[in-house]
Amino acid sequence: MLDKIKEFASEFFVTGDPLILGAQVSIGLSMVAIIFVLTFFKKWRWLWTEWLTSVDHKKIGIMYIIASILMLFRGGVDALLMRVQLAAPELEFLVPEHYNQIFTTHGVIMILFMAMPLMFGLFNIVVPLQIGARDVAFPFLNSLSFWMFFFGAMLFNVSFIIGGSPDAGWLAYPPLSELSGSPGLGQDFYIWGIQISGIGSLATGINFVVTILKMRAPGMKLMQMPMFVWSVLSSCITIMFAFPILTVTLFLLFIDRYLGAHFFTLDGGGNPMMYINLIWMWGHPEVYIVILPAFGIFSEVVSAFSKKKLFGYKSMVFALMSISFFSFFTWAHHFFTMGSGANVNAFFALTTMLIAIPTGVKVFNWLFTMYRGRIKFTTPMMWTIAFIPCFVVGGMTGVLLSVAPADFQFHNSYFLIAHFHQVLIGGVVFGYFAGLYYWWPKMFGFRLHEGLGKWAFWFWNIGFYVCFMPQYALGLMGMTRRFNAYDFDMGWQPLNVVSTVGAFLMGIAFIFQVWQIAHSIKFYKKEKDGDAWDGRTLEWSIPSPAPLYNFARLPQVTSQDEWWEEKQRIANGQPAKPLVPLEPIHMPKNSGIPFIMSLCWFTAGFGFVWDWLWMAIPGLIGVAICMLVRSFSYDTDYYIPVDEIERTEAALRGTK
Amino acid sequence: MAHAVSTPAGAHGGHGAGHGGGHHDDHHDQESLKTFGFWLFLITDVILFGTLFATYVVLRLNTDGGPTGAELLEMNGIIISTFILLTSSFTSGIAVLEMNKGNKRGLILWLAITAVLGASFVFLEVNEFMHLVHEGANIGTSAYWSAFFVLVGTHGLHVSVGLVWMVALILQLSRRGITPVTKRKVSIISLYWHFLDVVWIFVFSIVYLMGVM
């Protein structure tokens, strides 16, 4: 009996690696610590009623952001491990198998479990406030989306201590990712982790399209929406059209592995290149899904801190929408070397270059917004200004890559690695940092320490260039991705060492950010005014953090930058808008179903990974039961009475 | 459960009658939001089926020396199930008409007929699959059969989910009658049912008709 348990444990847990053993021990200890703290301070009920069951978009947004910062930490540690290995390959710090796992999980985590949730967190917190709504269109579905993401991410992450990490690259190309190439469980964790969180993302896409189209404050026309809202709309429309393709692709790969089908296998008439086409039909729009909201954030920040209306509003909308459209016609540029012929390659090269045009339009719009503005160099603005040159260089190297004949040289080299890190860090990460710093006072009601933020900013930026500029050169020198070692004779070591130094500078920058948050919490100073930056849009017209119902009275919108115009009107001595009498506010009730249902999905996924039907089938039945319970419950909302609104408003605004 | 419906009314009962109308609008808005959201979901489902059709078309000739569709597919059974599904779409339409007339009994009756027709469709499909497996074509036989079973099976799975949903709705209707909420639910499931019918027409033409040609 004991032997059987031992045997099971040695298969169940990943063993034999001191790094992973360390991680297992520290994860075990921190879980014990969390359980102890929650029990000692009697916080379980609070956690359940205030957070886990909450359908409030602001709380869901905060949970998304916390999860994404944890994932940023893990993805970042993966990156540093790889850089250590590449700086001194002769030390064999990471054996090839371990290196394969780390570059796979680094990619998946950074895109799907860091960038996406950080983006959804900002959507959740900002969009309803900017359009003057009290919540998203489907608050219950919103909570479900979060928990699907969360449990999907956990299922993926658990693989590195239980069962083994995936190691077939972040997009898991077959035939390597088929059973023949990856017989281990890692690839199954990959499929189920991404599948579960992907369904959540799809639901969020639909939710925000409905929210933006149907729940704007009275009077707000589409062409008066804040630019961030436009960017969310374009991103969510792209999600709606792209994510079903991911769902199908992963499902087919699962069927191949689980039932022995032949979609992507080399035998039985399967077609591995079809997977690569399908995954990029999702994957290319996906990178635009994450960058478009960053463009929206820059537009908000640049206009707020230049004290000017955004330059070229209409052209900005047109650029966002056309990028979202063209993103579906460029996928084949990821594999010009597939051999689909000159005509196909020419088509995809041209569509790729075409996207540079609307992007260029946006860059000029931001520059002209700053032109002759009274620029304030706050941290959000600094991230925005740093983004512009970084993204322009990253974009231009992208155009170089889109030249199909030249791509035969660049393909899968470090030139490509440097390019996409430059657009994803210089564009997406800088953008979301700008957004986090900008909306932080709105989320939490206190400001972040600007000085530490500037230290973090400079470490990030210098670290970025030190890390990635050498990689362009390494790529041109012939270094390809996904190798854990190279010969000393190649002459690549000096530049690799420089690159590793840069990566560690970014690691230090992250520590500065954690310090900045801890410091600002310790020296907590409550925001007295909801309008932290003398802002322009509606979210700044209400207290920070916003009350449960956001707006006691729905704002009446007559212009773009409504809050700014209102302040100007009052400053010019015009009368403020008359206050309409308060009315009871219709709110959704909290629900535990999203959490339980996602837990059931996790159970089902875990069961399928291990091929334990006794676990998978009850999981799926649990999912069905949760749906039915929801369908049968009609008591899903309530009203906040007027006197309670009056009390809350007096308490929030009385301190002014 | 019965007291649940009255909760909102009870909650604002003490705050004067002035805003009673506003609440009604709130509810109305919520139902139309959900219908709109469901239309968007259907768009994503179109993409899902579109992707499956694309993989089927790419793999349609990859039989790997094994049996082809033309050899094994039997059109007679398929034509019967096609008529059953098309009829069920018609009966779900009648159910909505009964609902608009306010006839609860008629609504439940026609929904039940729709569900029975849907169940017979699923039964025939399962039978067909068992027959094919018996004849030596299963999901692992070749890429063609993988694509066939997954595309047709995904449609069948959608119909089965719809059946469970429809039974749940019939129970809710018999308890609560026709309210704005149940009305919205019936409209949505009827939308879903028609959508599955349209998808089936493509499955019938592309997989079966072109498969046996």
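A salt bridge is a side-chain nitrogen of Lys or Arg within 4 Å of a carboxyl oxygen of Asp or Glu. Keep that idea at hand for the views below, and remember that this is a predicted model.

**View 1. Chain B meets chain A without a salt bridge.** Between chain B and chain A the count of salt bridges is 0. There are, however, 7 residue pairs in polar contact between the two chains. On the side of chain B that touches chain A, the elements giving two or more residues are helix H1 (7–13), helix H2 (20–59), helix H6 (143–176) and helix H7 (180–212) of chain B. H2(B) supplies the largest share of that side, with 19 residues. Counting residues in contact, 45 from chain B meet 41 from chain A. Together the two chains bury about 3800 Å² between them, and carbon and sulfur atoms account for 75% of this area.

**View 2. Chain B is built with helices.** Here you can follow chain B along its sequence, where the pattern reads α-α-α-α-α-α-α. That gives 7 helices and 0 strands. Chain B has 213 residues, and 49% of them count as buried. Its accessible surface comes to about 9800 Å², with 69% of that belonging to carbon and sulfur atoms. Now think about contacts in chain B between residues with a separation of 6 or more: 82% of these involve residues 24 or more positions apart.

**View 3. B:Phe36 touches residues of chain A.** You will find B:Phe36 in helix H2 of chain B. Which residues is B:Phe36 in contact with, leaving aside its neighbours within four places in sequence? They are A:Val210, A:Leu213 and A:Lys214. With a relative accessible area of 22%, B:Phe36 is partly exposed, because buried would mean under 20%. For a sense of scale, compare the position of B:His134: the two residues are 98 residues apart in sequence, and their C-alpha atoms are 44 Å apart in space.

**View 4. A:Ser177 is a buried loop residue.** This view goes to the loop between helix H6 (139–158) and helix H7 (186–214) of chain A, where A:Ser177 is found. Is A:Ser177 buried or exposed? It is buried, since its relative accessible area is 0%. The side chain of A:Ser177 reaches the backbone oxygen of A:Ala172 at 2.8 Å. Apart from neighbours within four places in sequence, the contacts of A:Ser177 are A:Ala168, A:Ala172, A:Ser182, A:Gln187, A:Leu253 and A:Arg257.

**View 5. A:Asp531 and A:Lys567 join distant parts of chain A.** Over all chains the count comes to 14 salt bridges, and one of them is shown here. The side chains of A:Asp531 and A:Lys567 meet in a salt bridge, with N to O at 2.6 Å. A:Asp531 sits in the loop between helix H16 (493–522) and helix H17 (562–571) of chain A, while A:Lys567 is in helix H17 of chain A. The pair is 36 residues apart, so this salt bridge links distant parts of the chain. A:Asp531 is buried, at a relative accessible area of 12%. A:Lys567 also counts as buried, with 18% relative accessibility.

**View 6. A:Asp561 pairs with A:Arg536.** These two side chains meet in a salt bridge at 2.9 Å, N to O. Both A:Asp561 and A:Arg536 lie in the loop between H16 and H17 of chain A, so the pair ties together parts that are 25 residues apart in sequence. A:Asp561 is buried, and so is A:Arg536.

**View 7. A:Glu562 forms a salt bridge with A:Arg569.** The closest N and O atoms of this pair are 3.3 Å apart. A:Glu562 counts as buried, because its relative accessibility is 4%. A:Arg569, at 23%, counts as partly exposed. In addition, salt bridges that share partners join A:Asp531, A:Asp534 and A:Lys567 into one network.

**View 8. Five residues of chain A make a nonpolar surface patch.** The patch covers about 530 Å² and is made by A:Phe311, A:Phe364, A:Leu367, A:Phe368 and A:Tyr371. A:Leu367 lies in helix H11 (residues 342–370) of chain A. At 37% relative accessibility, A:Leu367 counts as partly exposed.

Conventions:
Residues numbered from 1 in each chain as written. Chains lettered and ligands numbered in written order. Predicted model: local features only at pLDDT ≥ 70, side-chain atom pairs only at ≥ 80, totals over all residues. Heavy atoms only, no water. Patch = residues over 30% accessible without salt bridge, like charges linked within 9 Å, V, L, I, M, F, W, Y side chains within 5 Å. Areas by Shrake-Rupley, 256 points an atom, 1.4 Å probe, with all protein chains shown as cover. Helix = DSSP H or I, 4+ residues; strand = E, 2+ residues; numbered from the N terminus. Buried < 20%, exposed > 50% of the residue type's maximum accessible area, 1.4 Å probe, protein only. Contact = heavy atoms within 4.5 Å. Buried area = accessible area lost by both parts, 1.4 Å probe. Polar contact = N/O pair within 3.5 Å; in protein donor to acceptor, adjacent residues only side chain to side chain.
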